[in-house]
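Q: Please take a close look at the sheet and at the helices that pack beside one another, going through the pairing of the strands and the crossings of the helices.

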Amino acid sequence: MSLVKLTIKGISYSQTQNGAYALILNEVDGERKLPIVIGAFEAQSIAIALEKEIKPPRPLTHDLFKNFADRFDIVVKQVIIHKLVDGVFYSSIICERNKIEEIIDARTSDAIALALRFAAPIFTYKNILDKAGIFLKANPNDGEKESQDMDDVLSNPETFGMEESNQAGETYSKHSLSELHELLEGAVNDEDYEKAAKIRDEISKRES
């Protein structure tokens with residue numbers, strides 16, 4: 001089976017399904033997206049790894065794993081999403097130590113959180129992308145349509161993975177930029193990285 005390389009497009013959270021997050025992966029040499037429904041903690045960890053401006057004062061679980069691996073000369077070489085069964089993705093982390101390669105089973109969200117920290121490539125098999133990949137509109141004018149598409153995905157997590165969270169969300173559209181920066185700093189100091197990621201999304205949207 002042929003491997004397909006993926007990159008991370010970002011994390012989408014539903015405006016209608018509170019607490020639902022989807023990690024969106026891009027097909028490198030194609031137009032399909034692979035959405036995977038993940039939990040709030042994992043979304044927070046991935047968002048922090050993507051957002052270089054958010055620096056946790058203490059290491060999160062995936063940061064601790066990275067520090068541990070570095071100390072013992074363990075390198076994550078790549079992550080492979082190798083199976084999709086009953087709407088649940090299964091992944092493997094390919095590691096190397098002293099030129100000996102090991103394969104470790106992992107939840108996909110954890111595997112990708114670690115891949116980001118090790119700058120390791122992410123792959124899946126073509127048959128999985130054929131089965132679960134979707135097309136989202138790339139035109140900026142179709143942003144509302146893309147948002148609706150993602151709400152459809154998040155409303156049916158059994159198609160793309162198990163929904164793991166049901167926490168209420170919060171909107172920051174009414175805050176000024178200066179207020180948002182203050183809120184961001186406060187959220188980071190309070191170690192509320194899920195909130196920080198949402199605030200950072202709103203700041204990025206305003207500044208783009």
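A: What follows takes the sheet, then a salt bridge, then the two helix crossings.

This is a predicted model, in which local features need pLDDT of at least 70 and side-chain atom pairs count only at pLDDT 80 or more, while totals for chains, interfaces and linings use all residues. Residues are numbered from 1 along each chain as its sequence is written, and side-chain values use heavy atoms, with hydrogens and water left out.

The sheet is open and has 8 strands in the order S6-S5-S4-S7-S1-S2-S3-S8, with mixed pairing. Its edge strands, each pairing on one side only, are S6 (100-107) and S8 (134-135). Helices (H or I, at least four residues) and strands (E, at least two) are DSSP runs numbered from the N terminus, and two strands pair if DSSP finds at least two bridges between them.

Beginning at the S6 edge, strand S5 (residues 88-97) pairs with S6 in the antiparallel sense over 8 bridges, and Cys95 has Glu102 in S6 as its bridge partner. The hairpin of S5 and S6 has 2 residues between the strands, and in this hairpin Asn98 takes a positive phi near 55°. Strand S4 (residues 75-85) runs antiparallel to S5 and is joined to it by 9 bridges. The hairpin of S4 and S5 likewise has 2 residues between the strands, with Asp86 at a positive phi near 55°.

Val79 has Ile93 as its bridge partner in S5, and Val79 also stands opposite Ile122 in S7. The pairing of S4 with strand S7 (residues 122-125) is parallel and consists of 3 bridges. At the S8 edge, strand S3 (residues 32-38) pairs with S8 in the antiparallel sense over 2 bridges, and Arg32 stands opposite Phe135 in S8.

Arg32 has a further partner, since its side chain meets that of Asp130 in a salt bridge (2.7 Å, N to O). This pair links distant parts of the chain, with Arg32 in strand S3 and Asp130 in helix H4 (residues 126-132), 98 residues apart. The structure holds 7 salt bridges, a salt bridge being a side-chain nitrogen of Lys or Arg within 4 Å of a carboxyl oxygen of Asp or Glu.

Helix H3 (residues 108-118) crosses helix H2 (residues 61-71) at roughly 55°, and the axes come within 10 Å. That angle makes H2 oblique to H3. Axes are lines fitted to C-alpha atoms, for helices over the stretch in contact, and angles run from 0 to 180 degrees between N-to-C directions; those under 35 degrees count as roughly parallel, over 145 as roughly antiparallel, 65 to 115 as roughly perpendicular and the rest as oblique. The contact (heavy atoms within 4.5 Å) is made by His62, Asp63, Phe65, Lys66, Ala69 and Asp70 of H2 and by Asp110, Ala113, Leu114, Arg117 and Phe118 of H3. By class, this contact has 5 nonpolar, 1 polar and 5 charged residues, where Ala, Val, Leu, Ile, Met, Phe, Trp, Tyr, Cys and Pro count as nonpolar, Asp, Glu, Lys and Arg as charged, and the others, Gly among them, as polar.

The axes of helix H1 (residues 40-50) and H3 come within 9 Å and cross at roughly 15°, and H1 and H3 are therefore roughly parallel to each other. In this contact, Glu42, Ser45, Ile46, Ala49 and Leu50 of H1 meet Ser109, Asp110, Ile112, Ala113, Leu116 and Arg117 of H3. By class, the contact of H1 with H3 has 6 nonpolar, 2 polar and 3 charged residues.
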